Amino acid sequence: MRRLCQNPPVSAPPELPEVVRRALDLSRSQGFVSATRHETGRLLATLAAMRGGTLGELGTGCGVGAAWLSSGATADARIVTAELDPGLADLARGVFADDARVEVLAGDWTTLERFAPFSLLFVDVREVKLGSVDVIADLMAPGGVVVLDDFTPSSQWPPVYAGRVDAMRERWLTDERFTAVDVMVTSDASVVLAARR
Ligand SMILES: C[S@@+](CC[C@H](N)C(=O)[O-])C[C@H]1O[C@@H](n2cnc3c(N)ncnc32)[C@H](O)[C@@H]1O
């Protein structure tokens, strides 16, 4: 008998866009272990391809998320990403040296506020996911999509993580300013997409 769990969790070509490969190489060289996983990256690239205007990312790391965004974004899109650690921001900037659409800013994520409204915003700083729904809502264009990753799939309502209600995810999924969905991207990871009404 063929069991479902023997199947790979998602189907995707193994090849990565060159810019993503460069960002992953940088992550490895820096021992940076919090880089965006491929499945989420492919989702980011696909969403980026659907959205014009200004795309943003909170928490650049070594540039993997921004690389996926840039791999899908249209030629006239603008991508801004902020990283608190100035050393990392400098290194990540190098990944996009040949792409004028991408700007890496060193500083707190709030430095991105001046680029609002966003058509797509990847929120990859944990404290912001937890406590800044109101601020993020005000940064989004109508129809703009907020992406929050690193959730554990839950088939219950309210969503549960480690035996407790996942209040952060519940908050994003029920906020009246957004239409939101929790999407499983692999058997062990889900991503919340929240579209600004
Ligand atoms: C999960 S990692 C980001 C990974 C990255 N988005 C990627 O796709 O590989 C979170 C990053 O947010 C940065 N960070 C933490 N607090 C921040 C803040 N207040 N503003 C901007 N960046 C922040 C950390 O230094 C870290 O590099």
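Two residues are said to be in contact here when they have heavy atoms within 4.5 Å of each other. With that in hand, let us walk through this predicted model, starting from one alanine.

**Around A66**

A66 sits in helix α3, which covers residues 64-72. Leaving out neighbours within four places in sequence, A66 is in contact with E57, T81 and F96. Is A66 buried or exposed? Its relative accessibility is 0%, and buried means under 20%, so A66 counts as buried. A further residue to look at from here is E103: 37 residues separate A66 and E103 in sequence, and their C-alpha atoms are 9.5 Å apart in space.

**A β-α-β unit**

Next, have a look at strands β2 (residues 78-83) and β3 (residues 102-106). The two run parallel and are joined by five bridges. If you would like one pair to find on screen, take I79, whose bridge partner in β3 is V102. Which helix belongs with these two strands in a β-α-β unit? That is α4, residues 86-95, and the unit made by β2, α4 and β3 is right-handed. As a help when viewing strands, side chains in a regular strand alternate between the two faces of the sheet.

**S27 in helix α1**

Towards the start of the chain, S27 is placed in helix α1, residues 18-30. S27 counts as buried because its relative accessibility is 4%, where the limit is under 20%. Once residues up to four places away in sequence are set aside, S27 touches F32, A35, C62 and V64.

**The largest pocket**

How big is the largest pocket? Its volume is about 570 Å³. The lining is made up of 33 residues, and D124, V125, R126, E127 and K129 are the closest to the pocket centre. Several elements give two or more residues to this lining: the helices α3, α5 (126-131) and α7 (167-174), along with the strands β2, β5 (140-151) and β7 (164-165). Helix α3 is also the home of A66, and β2 is one of the strands of the right-handed unit described above. Sorted by class, the lining has 13 nonpolar, nine polar and eleven charged residues.

**Backbone details worth a look**

Some backbone angles deserve a moment of your time. They are gathered in this table.

| Site | Backbone feature | Value |
|---|---|---|
| A116 to P117 | cis peptide bond | omega near 10° |
| W157 to P158 | cis peptide bond | omega near -5° |
| D150 | positive phi, not a glycine | about 70° |
| A162 | positive phi, not a glycine | about 50° |

Where do the prolines of these cis bonds lie? P117 is in the loop between β3 and β4 (118-123), while P158 is in the loop between β5 and β6 (160-161).

As for the residues with positive phi, D150 belongs to strand β5, and A162 is found in the loop between β6 and β7. Are they buried or exposed? D150 has a relative accessible area of 57%, and exposed means over 50%, so D150 is exposed. A162 is exposed too, because its relative accessible area is 67%.

Methods
Residues numbered from 1 in each chain as written. Predicted model: local features only at pLDDT ≥ 70, side-chain atom pairs only at ≥ 80, totals over all residues. Heavy atoms only, no water. Pairing = 2+ DSSP bridges. Helix = DSSP H or I, 4+ residues; strand = E, 2+ residues; numbered from the N terminus. Right-handed = clockwise from strand over helix to strand, strands pointing away. Buried < 20%, exposed > 50% of the residue type's maximum accessible area, 1.4 Å probe, protein only. 1 Å grid on protein atoms, 1.4 Å probe; cavity = no way out; pocket = protein on both sides within 12 Å on 5 of 7 lines; lining within 4 Å. Points joined across faces, edges and corners; volume = space filled by probe spheres on them. Nonpolar A, V, L, I, M, F, W, Y, C, P; charged D, E, K, R; others polar.
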